[in-house]
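Me: I am new to this structure. Please take me through one part of it closely, the largest pocket and the helices beside it.

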Amino acid sequence: LLEELSMRCQTLRPLGSYRTDANRGFGVLYAFFGSRCEAVKQHVFSDDLEAQSVVRISESQLRKHVLAGSFKEVKWTATIALSLLHLDMARAQDTTKAGS
């Protein structure tokens with residue numbers, strides 16, 4: 001996250017590892033959910049040729065983009081969908097605890 005977007009998160013929760021090229025046995029996606037994140041001014045060298053930029057949208061807009069197929073790579077769609085499910089589960093647990 002630091003290398004890609006110059007951001008740091010206090011918490012990273014693993015969401016799982018998934019094969020991205022199952023037929024040949026190559027490629028694995030390691031998905032994480034970051035929370036309490038902030039931008040940092042520290043520049044980290046990256047030899048990644050793919051440009052990245054931070055785009056801020058609401059959670060409801062994010063859900064709409066996932067359902068509309070706006071993310072053209074399955075790894076990003078899966079990571080975002082898993083993150084949204086993680087948020088839903090955390091909120092459900094908070095509601096259950098509050099009702100106890």
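Reply: Here is the overall layout, then the helix contact, then the pocket.

This is a predicted model. The protein chain has three helices and two strands. Along the sequence they follow the pattern α-β-β-α-α. The first helix, α1, covers residues 2–5. Strand β1 spans 7–21, and strand β2 spans 26–39. Helix α2 takes in residues 59–68, and helix α3 runs over residues 74–99. Taken along the principal axes, the C-alpha atoms fill a box of roughly 50 × 40 × 25 Å.

Now the helix contact. The axes of α2 and α3 come within 10 Å and cross at roughly 135°. An angle over 145 degrees would count as roughly antiparallel, and 65 to 115 as roughly perpendicular. The crossing fits neither range, so α2 is oblique to α3. The crossing is left-handed. Which residues make the contact? From α2 come E59, L62, R63 and V66. From α3 come T77, I80, A81, L84, L87, D88 and R91. By type, the contact residues are six nonpolar, one polar and four charged.

Next, the largest pocket. Its volume is about 1,800 Å³. The lining has 35 residues. Which of them are closest to the centre? They are L1, L5, W76, T79 and I80. I80 also belongs to the α3 side of the helix contact.

Where does the lining come from? Helices α1, α2 and α3 each supply at least two residues, and so do strands β1 and β2. The lining divides into 21 nonpolar, seven polar and seven charged residues.

To put the two parts together: α2 and α3 touch each other through the residues named above, and both helices also contribute to the lining of the largest pocket. I80 has a place in each part: it is in the contact, and it is among the residues closest to the pocket centre.

Note on methods:
Residues are numbered from 1 along each chain as its sequence is written. This is a predicted model: local features need pLDDT of at least 70, side-chain atom pairs count only at pLDDT 80 or more; totals for chains, interfaces and linings use all residues. Side-chain values use heavy atoms; hydrogens and water are left out. Axes are lines fitted to C-alpha atoms, for helices over the stretch in contact, and angles run from 0 to 180 degrees between N-to-C directions. Helices (H or I, at least four residues) and strands (E, at least two) are DSSP runs, numbered from the N terminus. Angles under 35 degrees count as roughly parallel, over 145 as roughly antiparallel, 65 to 115 as roughly perpendicular and the rest as oblique. A crossing is left-handed if the near helix is turned anticlockwise from the far one by less than a right angle, and right-handed if clockwise. Contact means heavy atoms within 4.5 Å. Ala, Val, Leu, Ile, Met, Phe, Trp, Tyr, Cys and Pro count as nonpolar, Asp, Glu, Lys and Arg as charged, and the others, Gly among them, as polar. On a 1 Å grid over the protein atoms alone, a cavity is a set of points where a 1.4 Å probe fits but cannot get out, and a pocket is an open set with protein on both sides within 12 Å along at least five of seven lines; lining residues have an atom within 4 Å of a point. Grid points are joined across faces, edges and corners, and a volume is the space filled by probe spheres set on the points.
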